[in-house]
Amino acid sequence: MFIVELAFDGGPERLAARPAHRDLLRAWHAEGTVVMAGPYPDESGALLIFNVPSEAALDDLLATDPYYTTTGVRVIRRREWTPLVS
């Protein structure tokens with residue numbers, strides 16, 4: 001699994017791109033690719049947990065969602081993660 005942490009600024013571009021991004025997240029969740037995802041309560045960023053086999057697979061997935069390159073959205077951390085319990 002991989003964790004992706006995002007930071008947001010107050011720009012309107014992010015809000016315009018968010019509905020399509022959330023549609024993709026719901027589809028990826030239904031297929032098991034996204035385990036959990038959501039914004040922080042203060043809207044400063046978000047945390048996403050992806051169930052993918054490699055960092056290359058994560059790169060491919062993120063490349064299909066323009067949200068990750070939208071003005072106002074910045075990927076600040078990507079880490080491989082191995083949960084102990086689920």
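A polar contact, as I'll use the term today, is a pair of N or O atoms within 3.5 Å; within protein, one must be able to donate a hydrogen and the other to accept it, and residues adjacent in sequence count only if both atoms are side-chain atoms. Here is a case: the side chain of His21 makes a polar contact with the side chain of Asp65, at 2.6 Å.

Before I go on, a word on what we are looking at. This is a predicted model, in which local features need pLDDT of at least 70 and side-chain atom pairs count only at pLDDT 80 or more, while totals for chains, interfaces and linings use all residues. Residues are numbered from 1 along each chain as its sequence is written, and side-chain values use heavy atoms, with hydrogens and water left out.

Back to our pair. His21 sits in helix H1, and Asp65 is in the loop between helix H2 (55-63) and strand S4 (73-80). Helices (H or I, at least four residues) and strands (E, at least two) are DSSP runs, numbered from the N terminus. Is His21 buried or exposed? It counts as buried, because its relative accessibility is 5%. For all of these labels, buried means under 20% relative accessible area, exposed means over 50%, and partly exposed is in between, with a 1.4 Å probe and protein chains only.

Now, which residues does His21 touch? Setting aside neighbours within four places in sequence, His21 is in contact with Leu48, Asp65, Tyr67 and Tyr68; contact means heavy atoms within 4.5 Å. From the other side, Asp65 touches His21, Leu24 and Trp28, with residues up to four places away in sequence not counted. The Asp65 side chain also reaches the backbone nitrogen of Tyr67, at 2.9 Å.

Here is the part I'd like you to look at on the screen. Asp65 is buried yet has no salt bridge, and the nearest side chain of opposite charge, Arg22, is 9.9 Å away. For charge, Lys and Arg count as positive and Asp and Glu as negative, while His and the chain ends are not counted. A salt bridge is a side-chain nitrogen of Lys or Arg within 4 Å of a carboxyl oxygen of Asp or Glu.

So much for a residue without one. How many salt bridges does the structure hold? There are 6. In one of them, the side chains of Arg77 and Glu5 meet at 3.0 Å, N to O. Arg77 lies in strand S4 and Glu5 in strand S1, so this pair ties together parts that are 72 residues apart in sequence. Glu5 is buried, at 16% relative accessible area, whereas Arg77 is partly exposed, at 44%.

Another one stays inside a single helix. Asp23 and Arg26 meet in a salt bridge of 2.8 Å, N to O, and both lie in helix H1, 3 residues apart, about one turn of the helix. Asp23 is partly exposed with a relative accessible area of 46%, and Arg26 counts as exposed at 53%.

Then there is Arg78 with Asp59, where the closest N and O atoms of the salt bridge are 2.5 Å apart. Arg78 is in strand S4 and Asp59 in helix H2, so the pair ties together parts that are 19 residues apart in sequence. Both ends are partly exposed: Arg78 at 31% and Asp59 at 35%. In addition, salt bridges that share partners join Arg14, Arg18 and Glu43 into one network.

Glu43 deserves a second look. Where is Glu43 found? In the loop between S2 and S3. Its phi is near 60 degrees, a positive value in a residue other than glycine. As a reminder, most residues other than glycine have a negative phi. Glu43 is partly exposed, with a relative accessible area of 33%.

Last stop, the pocket. The largest pocket has a volume of about 190 Å³. Of the 18 residues that line it, the closest to its centre are His21, Arg22, Leu25, Ala37 and Gly38. The elements giving two or more residues to that lining are strand S1 (2-8), helix H1 (12-30), strand S2 (34-39) and strand S3 (45-50). Which element gives the largest share of the lining? That is H1, with 7 residues.

For the method, a pocket is found on a 1 Å grid over the protein atoms alone, as an open set of points where a 1.4 Å probe fits, with protein on both sides within 12 Å along at least five of seven lines; lining residues have an atom within 4 Å of a point. Grid points are joined across faces, edges and corners, and a volume is the space filled by probe spheres set on the points.
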